[in-house]
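Here are my notes on the ligand site and the pockets of this one. Have the viewer open while you read.

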Amino acid sequence: MLNKGISEEELFTFLADRKSEDLDHDFILSSMCTVPHSVAVRAHCMFMETNLGDPGLFPGTMALEKLLINRFGSLFHCPDAGGYATSGGTESNIQALRLAKALRHDIRKPNVIVPESAHFSFRKACDILGLEMRKAPLTRDYRMDAGAAGELVDRNTIALVGVAGTTEYGMVDPIADLAKIARQHDLFFHVDAAFGGMVIPFLKKPIPFDFSVKGVTSIAVDPHKMGMSTIPCGCLLTREPDVLNSLNIDTPYLTVKQEYTLAGTRPGAPVAGALAVMDYLGFAGMKAVVTGCMKNTQRLIAGMETFGIPRAATPDVNVATFTCDKARVPGPWKVSWTCRKHLRIVCMPHVTLGRIEAFLKDIGESHA
Ligand SMILES: *Cc1c(COP(=O)(O)O)cnc(C)c1O
């Protein structure tokens with residue numbers, strides 16, 4: 001720590017310099033996060049000092065969190081759903097499995113079944129919670145093989161996980177088939193819709209993935225991805241409104257005497273930001289955003305294929321993947337690569353048609 005403080009001007013010059021070293025979103029094609037919507041930024045700034053970890057002090061902010069959960073409950077066909085705002089998909093997934101474990105404390109050596117395509121947050125969750133993670137293989141289209149998943153179930157299985165909008169290939173697992181298996185074996189069925197939860201409901205033909213599917217127990221969705229809120233904001237939703245109470249622990253010195261959340265101190269600012277975007281855009285506005293992102297995804301795929309760079313999959317959401325030589329991707333574009341070495345581009349709202357055309361022009365002119 002500096003012995004003597006520096007002037008505000010010097011300080012902010014220093015901060016601006018560091019910020020200028022960050023990448024320009026104009027060239028970021030690899031991220032599931034985006035530039036937050038202006039109303040999210042404005043709402044975030046309004047609620048900067050709020051702490052949802054001590055909600056008795058911030059009843060207004062707590063009401064916003066409740067509203068956000070209600071909005072998602074309705075969007076996901078279960079208006080009475082319970083839930084709370086997390087720090088993102090990782091926390092939502094950890095808490096979903098923590099809940100599944102708490103509901104089956106009779107099982108001594110619990111295991112969970114996830115698709116091979118599951119986000120790495122499930123590794124963390126299983127590590128922390130002492131769960132055996134069983135990976136179900138994918139079918140050729142990168143979706144979870146429901147039949148194979150069913151064969152992995154045994155008497156120690158406490159939960160089944162499906163992904164609605166996979167991180168790498170943008171696929172929706174066969175949620176209805178998986179729900180059937182979950183019902184047959186009376187399993188907790190968690191749907192990880194961290195990315196897809198704010199995409200799929202707004203597609204021309206929405207794929208059933210939510211509480212409309214009988215057997216879905218909980219859903220993770222991240223407003224800080226396609227919801228265009230400020231970071232960090234995820235949500236965990238449960239079909240049963242009060243089931244999270246099974247995770248309650250005592251919190252003696254706070255305004256509430258028990259809590260089921262993972263984090264203690266929790267920011268209200270991004271929650272206000274997430275709700276702001278939803279209410280400002282409404283269903284129609286979100287649909288317009290998603291329609292644009294899907295069109296751009298299709299344009300990107302078509303454009304790449306004219307250069308002889310074939311798609312790796314035909315995605316359900318706005319994630320495009322290609323069989324492409326690494327050397328062929330020109331700078332300063334920032335793309336990502338999947339485990340299977342496919343080029344991956346996420347067509348987020350900041351990746352406009354203009355940016356896609358610019359990228360296509362550059363990659364069309366590059367020769368590896
Ligand atoms: C992004 C993502 C996560 C992790 O979310 P964080 O907000 O980064 O913690 C989990 N699951 C899926 C499917 C994701 O796309």
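**Notes on the ligand site and pockets**

1. Starting with the backbone: an N or O atom of the Gly89 main chain sits 3.0 Å from an oxygen atom of the ligand. Keep in mind that this is a predicted model.

2. Two side chains also reach ligand oxygens. Thr90 puts a polar side-chain atom 2.6 Å from an oxygen atom of the ligand, and for a polar side-chain atom of Lys225 the distance to a ligand oxygen is 3.0 Å. On its own the ligand has 390 Å² of accessible area, and the protein covers 86% of that.

3. Now the whole shell. There are 16 residues around the ligand, and Thr90, Asp192, Asp222, His224 and Lys225 are the closest. Sorted by class, the shell has nine polar, four nonpolar and three charged residues. If you're wondering which element gives the most to this shell, look at helix H4 (residues 89-103), which contributes three residues.

4. On to empty space. The largest pocket holds about 560 Å³. Its lining counts 24 residues, with Met62, Glu65, Gly83, Tyr84 and Tyr260 closest to the centre.

5. Where does the lining of the largest pocket come from? At least two residues each are supplied by helix H3 (59-75), strand S1 (82-86) and strand S9 (258-259). H3 has the largest share, with five residues. As for chemistry, this lining splits into 10 nonpolar, eight polar and six charged residues.

6. The second largest pocket comes in at about 450 Å³. Lining it are 19 residues, and those nearest the centre are Ala118, His119, Phe120, Thr167 and Glu168. Helix H5 (121-129) and strand S3 (132-136) are the elements that each give two or more residues to that lining.

7. How do the residue classes divide in the lining of the second largest pocket, and what does each domain give? By class, the count is nine nonpolar, seven charged and three polar. By domain, at least three lining residues come from domain 1 (19-37 + 282-366), and at least three from domain 2 (38-278).

8. For a quick look in the viewer, I'd begin with Gly89, whose backbone N or O atom is 3.0 Å from a ligand oxygen, then go to Met62 and Tyr260, which are among the residues closest to the centre of the largest pocket, and finish at His119, one of those nearest the centre of the second largest pocket.

How values were computed. Residues numbered from 1 in each chain as written. Predicted model: local features only at pLDDT ≥ 70, side-chain atom pairs only at ≥ 80, totals over all residues. Heavy atoms only, no water. Near = heavy atom within 4 Å. Polar contact = N/O pair within 3.5 Å; in protein donor to acceptor, adjacent residues only side chain to side chain. Areas by Shrake-Rupley, 256 points an atom, 1.4 Å probe, with all protein chains shown as cover. Helix = DSSP H or I, 4+ residues; strand = E, 2+ residues; numbered from the N terminus. Nonpolar A, V, L, I, M, F, W, Y, C, P; charged D, E, K, R; others polar. 1 Å grid on protein atoms, 1.4 Å probe; cavity = no way out; pocket = protein on both sides within 12 Å on 5 of 7 lines; lining within 4 Å. Points joined across faces, edges and corners; volume = space filled by probe spheres on them. Domains from an automatic or database assignment.
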